[in-house]
Amino acid sequence: MIGEIIDWFTSSANWQGADGVPTRVLQHLGYVLLALVLASVIAVPIGLYVGHTGRGGVLLVGSGNVIRALPTLGLVTFLFLLFTDSDVAAIIGLVVLAIPPILAGTYAGLQAVDRAVVDAAEGMGMRGGQRLWQIEVPIALPLVLGGVRNAVLQLVATAAVAAYVGLGGLGRYLLDGLAILDYGEVAAGAILTALLAIVLDVVLAAVQRALVPRGVRLAEAGAKKEVSA
Amino acid sequence: MSFFDELGQYLGSASNREQIVDTLAEHCYLALLPLVLGIVLAIAIGWLGRAWPRARGVTLVLANLVYTIPSLALFVMIPSLIGTKMLDSINVVVALTLYTAALLVRPVLDALDAVPPAVIASATAMGYRPARRFLTVELPLAVPVLAAGVRVASVSNISLVSVGALIGVGGLGVLFTDGFQREYFSPIVVGIVLTLLLALVVDLLLVLSRRLLTPWDRTTAPVRTEVAV
């Protein structure tokens, strides 16, 4: 088994052309990014609206849970029969599945903002929009990005499953390898897909840390000091 | 022919109905056995984490790593890790057990940490030995927090099982691959609806058993933490 995997990775044929590793990785990354951008454009404004106004929270959580329960393979095959185009079907499926985590993260982020802070901002004369963009969003940003991280994991996994309806990307190695019982290729596909997910998650975790506003970081450090004192 | 005629025709066939019932039963087994095993595993890890605090960091990093691995990749990696056959249903059970445990390790540790030290001290003073104290005092008090995590894990397991259809064992997922190959909407729609219904029924059962397991909680105000985002 290990031998087959090493053979696969060291064969130069697997690193070139339309079925080579660089092409497949970039394809996979492309689907993930495209779906992430589309899903964010839909989910972030809704999450901000619901979180800021507090209207429709129950509906948002409920519908998010229903979409989370949707089987990815069922959704993708259904969309494929509907559109008979693997790229269109897969991208729509990916967007649908990426929306709930981003929505939940945005909503939870705004909900977690201390009411006293919002009150203070209001007392200082800040209007709704100013409060949202200058107070609530910066404080909520780490949780919003937490939602984006969850969405990215979901997207990497689903894009691999969507190879079943003919999508390119790393899922091709998994399914084409299974079809011809080439376990070296299957294992290589699994390793590459897992690595891509892990690398993206580590990168986003770093971005998440970097985006915590300085004031919030100082406040947290202060709270820790108080606890330890 | 309208979709509903097609659906009527599909459901009219006895062999189709038999397939639906069989795949539904398999789906329950493939989703719920790992849920139970994963809960037990996470509790065992939580106990170890309490007894041996140094292991905590490593456990949480490992859990995070497992959770990052895309489902299809994990499904096909299991055989080479534990030496099972590629099409064995054990692979799906092991993979979903790992996901469940990975998801629950943090809630279990948080929940156990939240047990008031005074309660543990009283139990010790009453003569409870550590193992009995853990099972009859600490664990029951951890149920509310744990239950929220278990609900998320159950929904995610039920939806992930169908990905197993790509490696030959997928419960209702077989209806998706079937429908895709025959370009036939009915099995796919039936599969999606049954997956959602199963997730809903199991969720209601979990809410019910949480209430039964925590009778002392019932007199207090409605628990808002249940709206886990």
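## Burial in the two chains

A residue is buried if 20 or more other C-beta atoms lie within 10 Å of its own. The model examined here is predicted. By that cut-off, 44% of the 229 residues in chain A are buried. In chain B, which also has 229 residues, 40% count as buried.

## Overall build

Chain A has 10 helices and zero strands. Its pattern along the sequence is α-α-α-α-α-α-α-α-α-α. The C-alpha trace of chain A spans about 65 × 45 × 25 Å along its principal axes.

Chain B has nine helices, again with zero strands. From the N terminus on, its elements run α-α-α-α-α-α-α-α-α. The C-alpha trace of chain B spans about 70 × 45 × 25 Å along its principal axes.

How do contacts spread along each sequence? Take chain A and its contacts with a separation of 6 or more: residues 24 or more positions apart account for 74% of them. Now take chain B and its contacts between residues at least 6 apart: 71% join residues at least 24 apart.

## An annotated stretch of chain A

UniProt, in an unreviewed entry, lists residues 25–204 of chain A as "domain: ABC transmembrane type-1". Over this stretch the chain is 86% helix and 0% strand. The C-alpha atoms at its two ends are 18 Å apart.

## The nonpolar core

The largest nonpolar core holds 125 residues. Which members touch the most others? They are Val76(A), Ala98(A) and Val156(A). Helix H7 of chain A, residues 128–161, gives the most to this core, with 17 residues.

Look at Val156(A) on its own. Set aside its neighbours within four places in sequence. Val156(A) is then in contact with Val32(A), Thr193(A), Leu196(A), Ala197(A) and Leu200(A). Pro70(B), from the other chain, is also in contact with Val156(A).

## Where the chains meet

The contact between the chains takes 37 residues from chain A and 32 residues from chain B. Several elements of chain A give two or more residues to its side: H3 (57–69), H4 (72–83), H5 (86–111), H7, H8 (171–179) and H9 (183–211). Which of them gives the largest share? H9(A) does, with eight residues.

What classes of residue make up this side of chain A? There are 29 nonpolar, six polar and two charged residues.

## Helix H2 of chain A

Helix H2 of chain A covers residues 21–53, which is 33 residues. At 1.5 Å a residue, a helix of that length should span 48 Å. Its end C-alpha atoms are 47 Å apart, so the two values agree.

H2(A) bends by about 30° at Ser40(A). Gly54(A) follows the helix, and its phi is positive, near 75°.

## Helix H5 of chain B

Helix H5 of chain B has 25 residues, from 89 to 113. It reaches 36 Å from its first C-alpha to its last, close to the 36 Å expected at 1.5 Å a residue. Where does H5(B) bend? The bend is at Leu104(B), by about 35°. A proline, Pro107(B), follows within four residues.

H5(B) is mostly covered, with 20 of its 25 residues buried. Asp110(B) is found in this helix. Asp110(B) counts as partly exposed, because it has 14 C-beta neighbours inside 10 Å, and burial takes 20 or more. Asp110(B) and Gly46(B) are 64 residues apart along the chain, and their C-alpha atoms are separated by 9.1 Å.

## Two positive phi values

Most residues other than glycine have a negative phi. Two residues in this model stand out against that background.

Thr84(A) has a positive phi, near 45°, and is not a glycine. Thr84(A) sits in the loop between H4 and H5 of chain A. Is Thr84(A) buried or exposed? It is exposed, because 11 other C-beta atoms lie within 10 Å, and the cut-off for exposed is 12 or fewer.

Glu183(B) also is not a glycine, and its phi is positive, about 45°. Its place is in the loop between helix H8 (173–181) and helix H9 (185–213) of chain B. Glu183(B) has 10 other C-beta atoms within 10 Å, so Glu183(B) is exposed too.

Terms used:
Residues are numbered from 1 along each chain as its sequence is written. Chains are lettered from A and ligands numbered from 1 in the order in which they are written. This is a predicted model: local features need pLDDT of at least 70, side-chain atom pairs count only at pLDDT 80 or more; totals for chains, interfaces and linings use all residues. UniProt positions are given in the numbering used here, feature names are shortened, and annotations may be inferred rather than shown by experiment. A nonpolar core is a set of buried Ala, Val, Leu, Ile, Met, Phe, Trp, Tyr and Cys residues joined through C-beta atoms within 7 Å. Two residues are in contact if their C-beta atoms, placed from the backbone, lie within 7 Å. Ala, Val, Leu, Ile, Met, Phe, Trp, Tyr, Cys and Pro count as nonpolar, Asp, Glu, Lys and Arg as charged, and the others, Gly among them, as polar. The expected span of a helix is 1.5 Å times one less than its number of residues. The bend at a residue is the angle between axes fitted to the seven residues ending there and the seven starting there.
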